[in-house]
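Hello,

Here is the structure I promised to pass on. Have a look at it first, and then read on for what turned up when I went through it.

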Amino acid sequence: MFKNYLILSILLFSLGLIGAVSRRNIIIIYMSIELMLNAVSIMLVSYSSFYNTNTGVVLSIMVTAIAAAEAALFMALFVTLYRKKKSLDTSLFNSLKDTNATK
Amino acid sequence: MLQSNLLFYILFWPLLSAIILSVLNLFIKKELRSQILFDFLSVAGVSFSAVISLYLAYQNYVFSFDFGYNIYTFLDLESLKIDFALKADALSLMMLSFVNPVGTAIFFYALAYMRDDRSSARFFIYFNLFIFFMNLLVLGANPFIMFLGWEGVGIMSYLLIGFYYDDFSNIKAANKAFILNRIGDFGFLSGIFLLAVFIGVDGYSFEALSESYYKIEPFYLNLIAILLFVGAMGKSAQIPLYVWLPDAMAGPTPVSALIHAATMVTAGVYMVARFSDLFSMVEEVGVFIAYIGAFSALLAALIATKTYDIKKILAYSTMSQLGYMFMAEGLGNYSYALFHVFTHSFFKATLFMGAGAIILALHHEQDIRKMGNLKDKMPALFYMMLVAALSISAIFPFSGFFSKDAIMLHLFSSGHYLIYFIALFTSFLTAFYMFRFIFYIFFSHKRDIEVKATSKLMLIPIGVLSFFTIIVGFLNTPELLGGDERFSLWLSLFDQRYFVSHLVEISLIVINTVFILLAIFLAYLRFYKLIRLEDEASTLSKLLSNAFYVDKIYNNLFTKPLHKLSCFADEKCDIGFIDKLINSLAFGYIKISKKFSVTQNGSLNLYMLVSLGGVSLMMIYILVVLL
Amino acid sequence: MLSNMIFIILATNLLISSFVMISTKRVIDSALSMLIALLSIAGIYATLQSSFMFITQIIIYAGAILSLVIFIIMFLNIKDKNLPHEPHKTRDMILTSLVVFPITAVLIYFIKLSDFSNLNEKTTSSIGKVGLELYQNYVLPFELISILLLISLVGSITLARKEKDV
């Protein structure tokens with residue numbers, strides 16, 4: 001039973017990873033990252049539940065708090081970027097790219 | 001020793017003049033210049049050198065001092081030590097005693113000649129440098145230093161021929177002179193390299209070399225002699241490297257007078273005389289040199305009879321006289337050759353300066369057909385040039401008589417009669433073309449030509465030189481006329497002397513003089529009252545007036561194939577192969593780096609994917625290898 | 001048995017909605033399927049009998065963060081033409097899956113290999129116990145998180161402020 005929770009957590013993590021790497025929409029990338037954080041949370045809570053401690057839950061609370069802070073920053077970032085480029089495409093956010101290199 | 005230091009100052013003053021002039025020329029605007037200062041700087045160096053040269057020559061003549069001055073060691077190898085050293089013996093001082101004084105006269109003349117030229121300062125910089133290099137050539141104590149001077153006068157000649165560089169034909173003439181001289185210099189350089197290879201260990205100064213010539217095998221000795229003579233051929237305009245000299249007249253007239261008549265072209269004669277101990281050991285080469293000289297003299301004299309450019313006539317005449325000098329040197333009498341160099345520099349400089357004065361007076365007209373009847377308008381110039389013409393034609397008692405007759409006598413008594421007859425015929429032609437020249441310019445058809453007045457500054461140097469033309473011949477009065485050939489005694493070179501009876505000597509002089517007078521009479525008949533111009537119909541005259549088509553032959557034989565080869569090398573080898581190779585290397589790198597630059601495309605996703613790929617590979621490693 | 005069934009249903013729901021979330025084109029679809037995924041996770045916390053996390057998940061994630069995301073999406077009023085142009089989306093996702101697969105495979109393999117025989121039964125973790133744990137052993141990190149939140153507050157205001165014309 002415990003292993004099922006862990007495998008679920010890992011599958012969820014992999015889905016988040018795939019979304020974060022393959023998509024170019026920055027909001028979807030952000031949500032994929034949230035998904036990966038949740039996957040970790042599931043794992044922590046399930047450990048905590050099966051080993052009869054509260055440490056995992058506490059850590060999971062920390063993760064949630066950090067996710068909230070991150071969310072605030074990301075939202076501000078989206079607004080700024082969208083104002084600048086009128087798009088959410090990550091491939092347009094390339095001010096640091098060497099202009100001599102060709103695609 | 002103080003007097004040896006003077007050798008250094010002979011070189012130093014013209015060089016200093018040139019340096020100061022170039023600095024002033026750079027930094028002072030044309031309008032702000034003080035004319036007197038520039039004039040003084042222009043002539044000061046060579047005048048000092050002339051005074052010093054004459055003083056040293058006098059010292060040497062009276063007390064037989066040889067002067068030597070070692071400036072520094074130029075090169076010190078185990079097997080070869082070359083000093084930057086100067087040496088003045090009788091031969092060098094003889095050269096100096098006419099190079100610098102005649103040079104001074106021409107410098108004064110050039111002051112007047114170049115007055116209105118906008119780049120006269122540049123002219124005098126080159127002129128002073130030329131005098132510096134000429135003195136270096138003459139004073140060099142070993143073949144290497146001599147070669148430095150030799151190249152220096154070559155480059156100055158090049159710069160001065162191309163002085164009016166906005167005219168393309170002048171640049172062509174300058175290049176022609178320079179390239180043909182390169183061929184000669186190649187011979188000279190190879191010769192002195194061979195000398196260094198064979199006897200460099202025993203010392204490389206002229207004295208040390210002359211003691212070691214016997215060590216070289218005869219074959220190599222001949223080779224060295226011929227190679228050295230090739231150098232002389234280039235510098236002194238002998239067949240087959242003479243074609244540059246007529247074209248070199250593109251430079252300003254003082255240049256023609258100083259460089260291409262009086263001094264630089266005689267460097268070849270001087271060089272052969274300097275190596276006289278070497279050349280006296282190889283008689284076959286000597287005969288070869290004599291024949292080259294003879295044919296050059298004949299060819300040039302023939303061409304000169306049909307030339308109409310006032311300066312080119314004199315150029316061919318110079319080449320012809322140089323031929324005489326080589327005839328004498330080839331048959332072993334160096335001092336007669338050098339005496340002819342000595343007298344020739346006076347009368348040929350006079351003729352050239354006179355020609356320059358006429359050219360200026362007639363507003364840069366150089367065609368003698370458009371001149372005529374100038375005797376009344378410029379009488380002084382007429383008498384001066386007449387003296388020089390009589391002198392070059394070898395009429396007693398002008399200087400040319402003494403030098404040329406000595407050569408003729410030597411040619412006859414040495415037994416090479418073919419050379420003698422060529423020389424005799426050339427002497428006849430010389431008188432003919434010189435008086436054709438005189439009659440054409442000063443008499444011929446009575447037409448009215450507008451003449452600009454000639455400045456005094458121009459006439460005085462011509463007068464001085466024409467005066468010397470009369471008297472310098474007596475320096476080497478032959479025994480027949482009560483002299484004792486002091487000049488030859490002073491030089492004391494490896495002369496070959498033949499003794500002939502006075503009867504033969506007198507008859508030779510008479511024959512020669514009769515021929516010359518006949519030539520002058522013919523010229524008088526033909527040109528004194530010229531009504532119509534010469535016709536160009538006959539084949540011979542066409543051949544002559546086109547200078548035997550030698551330029552054309554050289555052009556087809558050497559220039560065009562080389563040009564084609566260069567074009568081939570340019571188009572096929574350089575652009576087609578080497579450039580392509582290098583370009584494809586460079587562009588290949590660009591292409592390859594473009595391939596790699598795809599990874600640096602700024603795409604966030606790709607970066608993440610790649611870093612993830614690294615983790616992924618680690619996992620595959622764990623799966624496959626560790627488990 | 002019933003709890004197993006509930007777990008399987010929730011897990012399936014979670015995975016499907018996550019997949020929909022990472023693969024849809026429109027952002028709002030993605031956000032809504034994420035809402036489903038987050039609620040499913042809350043359900044999974046419930047099956048783990050962790051009541052505090054269940055509540056937190058619903059209040060903070062589904063209630064606060066996701067509503068913020070949806071608010072931003074609405075606020076930016078993103079048109080279809082402003083969406084990123086992703087012609088090779090399928091290809092990219094398959095490629096990325098191939099790259100991620102070994103990682104997933106290794107992790108699952110290790111989990112299968114592990115021995116969890118000395119497990120306790122699931123125990124209920126009450127809010128009180130969690131609170132005690134938090135304030136007894138983790139006071140300092142807890143306080144630091146408040147500073148972190150403050151910093152992110154200031155940072156987001158700075159970022160989102162309109163730039164002055166230079």
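Of the 627 residues in chain B, 49% are buried. Please keep in mind that this is a predicted model. Chain B contains 24 helices and two strands. If you take the contacts in chain B between residues at least 6 apart in sequence, 82% of them join residues at least 24 apart.

Let me start with helix 19 of chain B, residues 456-471. At 1.5 Å a residue, its 16 residues should span 22 Å, and the end C-alpha atoms are 23 Å apart, which agrees. The buried residues of this helix are B:M458, B:P461, B:I462, B:L465, B:S466, B:F468 and B:T469. They cover an arc of only 155 degrees around the axis, which means that they sit on the same side of helix 19 of chain B. The spacing fits a general rule: an α-helix has 3.6 residues a turn, so residues three or four places apart point the same way. On the other side of helix 19 of chain B you will find B:K456 and B:I471, which are exposed. As for what the buried residues of helix 19 pack against, there are four helices of chain B: helix 3 (90-113), helix 15 (334-361), helix 16 (379-392) and helix 17 (399-413).

Helix 15 of chain B deserves a look of its own. Its 28 residues should span 40 Å at 1.5 Å a residue, and the end C-alpha atoms are indeed 40 Å apart. Helix 15 of chain B also has a kink of about 30 degrees, centred on B:H344. Because 26 of its 28 residues are buried, helix 15 of chain B is largely enclosed by the rest of the structure. After helix 15 of chain B comes B:H363, with a positive phi near 60 degrees.

Now to the two strands of chain B. Strand 1 (residues 67-76) and strand 2 of chain B pair in the antiparallel sense over eight bridges. They form a hairpin, with four residues between them. To find the pairing on screen, you could pick B:F67, whose bridge partner in strand 2 of chain B is B:A88. Strand 2 (residues 81-88) of chain B is mostly covered, with six of its eight residues buried.

In the loop between helix 2 and strand 1 of chain B lies B:S64. Phi of B:S64 is positive, near 55 degrees, although the residue is not glycine. B:S64 has 11 other C-beta atoms within 10 Å, so it is exposed. B:V46, by contrast, is placed in helix 2 (residues 35-63) of chain B and counts as buried because it has 33 C-beta neighbours inside 10 Å. Leaving aside residues up to four places away in sequence, B:V46 touches B:P14, B:N100, B:G103, B:T104, B:F107, B:N128 and B:I131. B:V46 and B:F132 are 86 residues apart in sequence, yet their C-alpha atoms are 8.6 Å apart in space.

Two cis peptide bonds in chain B are also easy to look up. One runs from B:I239 to B:P240, with omega near 0 degrees, and B:P240 is in the loop between helix 8 (218-235) and helix 9 (244-247) of chain B. Another runs from B:F396 to B:P397, with omega near 5 degrees, and B:P397 is in the loop between helix 16 and helix 17 of chain B.

Which residues take part where chain A meets chain C? The contact takes 60 residues from chain A and 66 residues from chain C. On the side of chain A that touches chain C, helix 1 (2-22), helix 2 (26-51) and helix 3 (55-85) of chain A each supply at least two residues. Helix 3 of chain A gives the most, with 22 residues. The residues on this side of chain A divide into 38 nonpolar, 17 polar and five charged.

A:F78 is part of helix 3 of chain A, and it counts as buried because it has 22 C-beta neighbours inside 10 Å. Not counting residues up to four places away in sequence, A:F78 touches A:I26, A:I27, C:I72 and C:L76.

Happy browsing, and best wishes

How values were computed
Residues are numbered from 1 along each chain as its sequence is written. Chains are lettered from A and ligands numbered from 1 in the order in which they are written. This is a predicted model: local features need pLDDT of at least 70, side-chain atom pairs count only at pLDDT 80 or more; totals for chains, interfaces and linings use all residues. A residue is buried if 20 or more other C-beta atoms lie within 10 Å of its own, exposed if 12 or fewer, and partly exposed in between; C-beta atoms are placed from the backbone. Two residues are in contact if their C-beta atoms, placed from the backbone, lie within 7 Å. The expected span of a helix is 1.5 Å times one less than its number of residues. The arc is that of the directions from the helix axis to the C-beta atoms. The bend at a residue is the angle between axes fitted to the seven residues ending there and the seven starting there. Ala, Val, Leu, Ile, Met, Phe, Trp, Tyr, Cys and Pro count as nonpolar, Asp, Glu, Lys and Arg as charged, and the others, Gly among them, as polar. Two strands pair if DSSP finds at least two bridges between them.
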